[in-house]
Amino acid sequence: MAASKAAYSSVSLFHEKLLRSNRILAICGAGLSAASGLPTFRGAGGLWRNHNAVELATPEAFEADPGLVWLFYAYRRHMALEANPNPAHYALAELARKKPGFRCLTQNVDNLHVRAQHPSEQLSLLHGSLFALKCSNAPGCKWTDPYNTADPLCPALAPAAEKNTDPTKPLPLLDPSKPLADIKPDELPHCPECETGLVRPGVVWFGEPLDEGMLDEIDEWIEKEPVDMVLVIGTSSFVYPAAGYAERARTEGRTAVVTVNLELGSAQGRNKIEEGDFGFEGDAAVLLPELLKPVIGEVEAPLE
Ligand code: APR
């Protein structure tokens with residue numbers, strides 16, 4: 001989306017539309033968790049050591065160097081475990097409780113929506129979870145561990161879970177001048193079922209299909225009745241299918257597409273701007289609780 005001159009940024013007009021909306025779809029991305037201290041993929045923070053984070057997220061990268069890819073994921077698991085949901089996660093979870101017609105699709109794998117107690121039947125984890133494990137022989141081998149928070153997952157991945165004793169210095173793992181340990185496949189966990197495959201993160205990598213049952217269910221939801229509002233939150237809207245849902249859900253003249261992004265110009269992806277759309281520029285963790293307040297009231301983060 002180009003900088004959204006055509007989109008309204010009027011909070012009161014947005015509130016009017018929100019109060020009249022029942023069927024609401026949110027499409028969330030990494031920017032939602034930025035205020036929790038987790039880096040986004042594109043732009044600042046998109047490099048992990050000297051590697052492009054997106055290039056490590058492929059089955060080919062895992063096949064070529066599973067130790068390197070596992071260190072990247074072990075680090076992300078560790079960071080996500082150290083992080084906490086922020087007010088935007090809690091605001092969306094409360095919106096789900098207040099509006100049964102609200103459905104949240106997230107590209108985030110950090111488990112923060114779940115930890116903010118977003119009702120599970122109103123949440124789709126499009127790209128899986130960092131805390132799910134599966135076998136690299138999938139779909140041939142069906143073994144999974146749906147929720148595993150071991151940190152580190154195995155002794156060879158301990159550098160990814162190292163505490164930073166000097167906060168003024170980067171973590172040794174992130175210091176590109178320090179070589180990484182060369183982790184061999186036999187130092188990584190193997191599938192307990194087929195015993196030949198390596199255990200791998202239960203996330204969707206580039207080039208892999210998303211869960212078919214989940215996609216069918218989302219399609220059914222979108223097609224059932226017109227959608228009143230689509231919230232596009234903290235995503236660059238580049239990666240499909242997430243990037244296509246705002247337009248798929250739009251019924252001309254009825255659906256307001258609402259972009260919430262730190263930089264509206266960076267949410268350029270595939271979204272069109274139409275009459276009646278909204279754009280709010282800023283931190284989702286600040287904006288969402290304010291934007292959703294007429295429905296959710298003041299939301300306090302519970303002590304975890
Ligand atoms: N509040 C709101 N938006 C923010 C914030 C913030 N605090 N911080 C950053 N953003 C915005 C950025 O301006 C950017 O538009 O969040 C967006 C993050 O974009 P990406 O890094 O591309 O993340 P995302 O859209 O989730 O990426 C999609 O790509 O790499 C894959 O699988 C990965 O799920 C990911 C997918």
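Select C191 first: this residue sits in the loop between strand 7 and strand 8 (199-203), where strands (E, at least two residues) and helices (H or I, at least four) are DSSP runs numbered from the N terminus. The model is predicted, with local features requiring pLDDT of at least 70 and side-chain atom pairs pLDDT 80 or more, while totals for chains, interfaces and linings use all residues. Residues are numbered from 1 along each chain as its sequence is written, and side-chain values use heavy atoms, without hydrogens and water.

C191 counts as buried because its relative accessibility is 2%; buried means under 20% relative accessible area, exposed over 50% and partly exposed in between (1.4 Å probe, protein chains only). Beyond its neighbours within four places in sequence, C191 contacts C135, C141, W143, G197, L198 and V199, a contact being heavy atoms within 4.5 Å.

Next, select C141, in the loop between strand 6 (128-135) and strand 7 (144-145). With 9% relative accessibility, C141 also counts as buried. Leaving aside neighbours within four places in sequence, C141 touches C135, C191, E193 and C194.

Now display C135, C141, C191 and C194 together: an unreviewed UniProt entry lists them under "binding site". They are spread over 60 residues of sequence, yet cluster in space, with a largest C-alpha distance of 8.9 Å. UniProt positions follow the numbering used here, feature names are shortened, and annotations may be inferred rather than shown by experiment.

Turn then to the sheet. Its 6 strands form an open, parallel arrangement in the order 5-4-1-9-10-11; two strands pair if DSSP finds at least two bridges between them. Strand 5 (123-125) and strand 11 (278-281) are the edges, each pairing on one side only. Neighbouring strands are turned by 15 degrees against each other on average, direction ignored. Axes are lines fitted to C-alpha atoms, for helices over the stretch in contact, and angles run from 0 to 180 degrees between N-to-C directions.

Within this sheet, select strand 1 (residues 24-28) and strand 4 (residues 102-106), which pair in the parallel sense over 5 bridges. A26 stands opposite C104 in strand 4.

Finally, add two helices. Helix 1 (residues 11-20) packs on the sheet and touches strand 1, strand 9 (229-233), strand 10 (256-261) and strand 11, its direction making about 125 degrees with that of strand 11. Helix 8 (residues 242-249) lies across strand 1, strand 4, strand 9 and strand 10, and runs at about 160 degrees to strand 1.
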